Amino acid sequence: MHIVNVDGRDAEVFRQFYAVKYAVRQEELEFPVGLGAEEARVLMAGTHTDVRADGAGLVDGDVWAGVVWFDWWLAGNTDTVDVEFAVAPAYRRRGIATRLLDVAIDWARSAGRRVLSGVNLAGDPVTGDSPGSAFAAARGFVRKHSELHQVLELPIDVQERAVPGYELVQWREHTPVEWLEQFADLQTGMSQDVPAGERTTEPVLWTPQLIREAEARRLAQGRFTYTTAAVHGASGELAAYTQMGGTPETPDRLGQYDTYVRRSHRGHGLGLAVKAPNLRALQAGLARPAVLHTWNAPENAPMIAVNDRLGFRPVNIRTTWELAVR
Ligand SMILES: CC(C)(COP(=O)(O)OP(=O)(O)OC[C@H]1O[C@@H](n2cnc3c(N)ncnc32)[C@H](O)[C@@H]1OP(=O)(O)O)[C@@H](O)C(=O)NCCC(=O)NCCS
């Protein structure tokens, strides 16, 4: 078997790499999630300010036995590289992931990264256990955080409740220029406040330029996004926002992305006040039933309570693991 370096600009290598990653997701999850092929290709093939993505495969003759995906963070978390291993079922328990881990450690060292961080999506909804967590523990990774994966099958009957003193604004692919500075602030707040357990993480300092770049990348990936934000009438402050979206490539799968309420505006029910109308807008654009996915730390009780009220149900526990690299 030999190692192949995966560069998203090489169409054939990317196709083989993605096929393994996607097949493993399909097999391990009741609701497969993750980037569609085109979303993943754009991420891997492009140059971005905040991340560089590449990978490696272990190939047996011409059969791809296993792969590892890397996210090399460039704006915040520059000590960390995120890794995702996937091994074809016929090749399991033969040391394939262990060999790919050796590659990951080598590459991380060469790039001066201190931490390998991996997320296991398929954890049992009560214990969080899965083959991925068994592998991580066996190879010295330490469990740092867990999040509950919940799904909501759409369409639903959306109950909205306005909060006095706040007005809603909604937008699609581009943040209106008048909200850009404040929206960057809110996204930074989200990155500072989202519960991270014991994970090694640095907040990302969002700027209008990073927002515009993220918007352009989503468009290049074929994604659509719905944003609803709440504006505090008395101060003109952008107080809360939520974002949801998807891609026509995977029409049955939608993502609940960020939801954030600025610290000084918490306790008024703004989470639900922005989520419900965003869901209504998202649903209105759907041509067929779809499943909305979200992940939240169990300690993030207010967010899970909002989701429960909307009708979300739990399916898995996603756990984050870290390995220190010296
Ligand atoms: C997790 C996964 C990558 C492991 O791949 P693999 O090539 O079978 O792993 P290895 O053969 O290198 O296993 C190394 C050790 O991990 C542990 N391990 C791996 N799979 C295990 C399982 N299903 N149950 C218990 N322990 C397991 C064992 O200690 C194993 O050593 P052993 O076989 O000598 O007992 C593979 O099962 C997979 O693709 N799962 C789905 C995707 C996933 O969970 N990825 C990890 C998240 S990033």
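# Exercises on a predicted chain with a bound ligand

Apart from residues up to four places away in sequence, Tyr91 touches Ala65, Gly66 and Ile96, where contact requires C-beta atoms, placed from the backbone, within 7 Å. The structure is a predicted model, in which local features need pLDDT of at least 70, side-chain atom pairs count only at pLDDT 80 or more, and totals for chains, interfaces and linings use all residues. Residue numbers start from 1 along each chain as its sequence is written.

## Exercise 1. The surroundings of Tyr91

Task: Determine where Tyr91 lies and state its exposure class.

Solution. Step one places Tyr91 in the loop between S4 and H3; helices (H or I, at least four residues) and strands (E, at least two) are DSSP runs, numbered from the N terminus. Step two applies the burial rule: a residue is buried if 20 or more other C-beta atoms, placed from the backbone, lie within 10 Å of its own, exposed if 12 or fewer, and partly exposed in between. Tyr91 has 18 C-beta neighbours inside 10 Å and therefore counts as partly exposed. Step three adds a long-range distance: the C-alpha atoms of Tyr91 and Asn307 are 38 Å apart in space, with these positions 216 residues apart in sequence numbering.

## Exercise 2. Positive phi angles

Task: Compare the locations and exposure of Asn77 and Arg93.

Solution. Asn77, which is not a glycine, has a positive phi of about 60 degrees. Asn77 belongs to the loop between strand S3 (63-73) and S4, and it is buried because 23 other C-beta atoms lie within 10 Å. For Arg93, also a residue other than glycine, phi is positive and near 60 degrees. Arg93 sits in the loop between S4 and H3; it counts as exposed because it has 9 C-beta neighbours inside 10 Å.

## Exercise 3. The ligand shell

Task: Describe the residues around the ligand by proximity, by element and by class.

Solution. A residue is near a molecule or strand if its C-beta atom, placed from the backbone, lies within 6 Å of it. Of the 23 residues around the ligand, the nearest are Ala97, Pro131, Gly132, Ala134 and Ala138. At least two shell residues come from each of helix H1 (11-28), strand S4 (80-87), helix H3 (96-110), strand S5 (115-123) and helix H4 (131-138). The greatest contribution is that of H4, with five residues.

For the classes, Ala, Val, Leu, Ile, Met, Phe, Trp, Tyr, Cys and Pro count as nonpolar, Asp, Glu, Lys and Arg as charged, and the others, Gly among them, as polar. On this basis the shell has eleven nonpolar, seven polar and five charged residues.

## Exercise 4. The pairings of strand S12

Task: Identify how S12 pairs with S5 and with S6.

Solution. Two strands pair if DSSP finds at least two bridges between them. S5 and strand S12 (residues 313-324) are antiparallel and share seven bridges; here Leu116 has Leu323 of S12 as its bridge partner. Strand S6 (residues 142-154) also runs antiparallel to S12, with nine bridges joining them. Opposite Glu147 stands Arg318 in S12.

Val142 is a residue of strand S6. Leaving aside residues up to four places away in sequence, Val142 touches Trp321 and Glu322. Val142 counts as exposed because it has 12 C-beta neighbours inside 10 Å.

## Exercise 5. Two further loop positions

Task: Locate Pro155 and Val126, and describe their local features.

Solution. Pro155 is in the loop between S6 and strand S7 (166-171). The peptide bond joining Leu154 and Pro155 is cis, with omega about 10 degrees. Val126 is in the loop between S5 and H4, and it is exposed because 8 other C-beta atoms lie within 10 Å. Although Val126 and Asn316 are 190 residues apart in sequence, their C-alpha atoms are 7.8 Å apart in space.

## Exercise 6. The chain as a whole

Task: Assess the overall dimensions and the contact pattern of the chain.

Solution. The chain has eight helices and twelve strands. For 326 residues, a compact globule would have a radius of gyration near 20 Å, and the 20 Å of the chain agrees; this radius is taken over C-alpha atoms, and the globule rule is 2.2 Å times the number of residues to the power 0.38. Along the principal axes, the C-alpha atoms fill a box of roughly 65 × 35 × 35 Å. Buried residues make up 36% of the 326 residues. Among contacts with a separation of 6 or more, 71% join residues 24 or more positions apart.

Technical notes. Contact = placed C-beta atoms within 7 Å.
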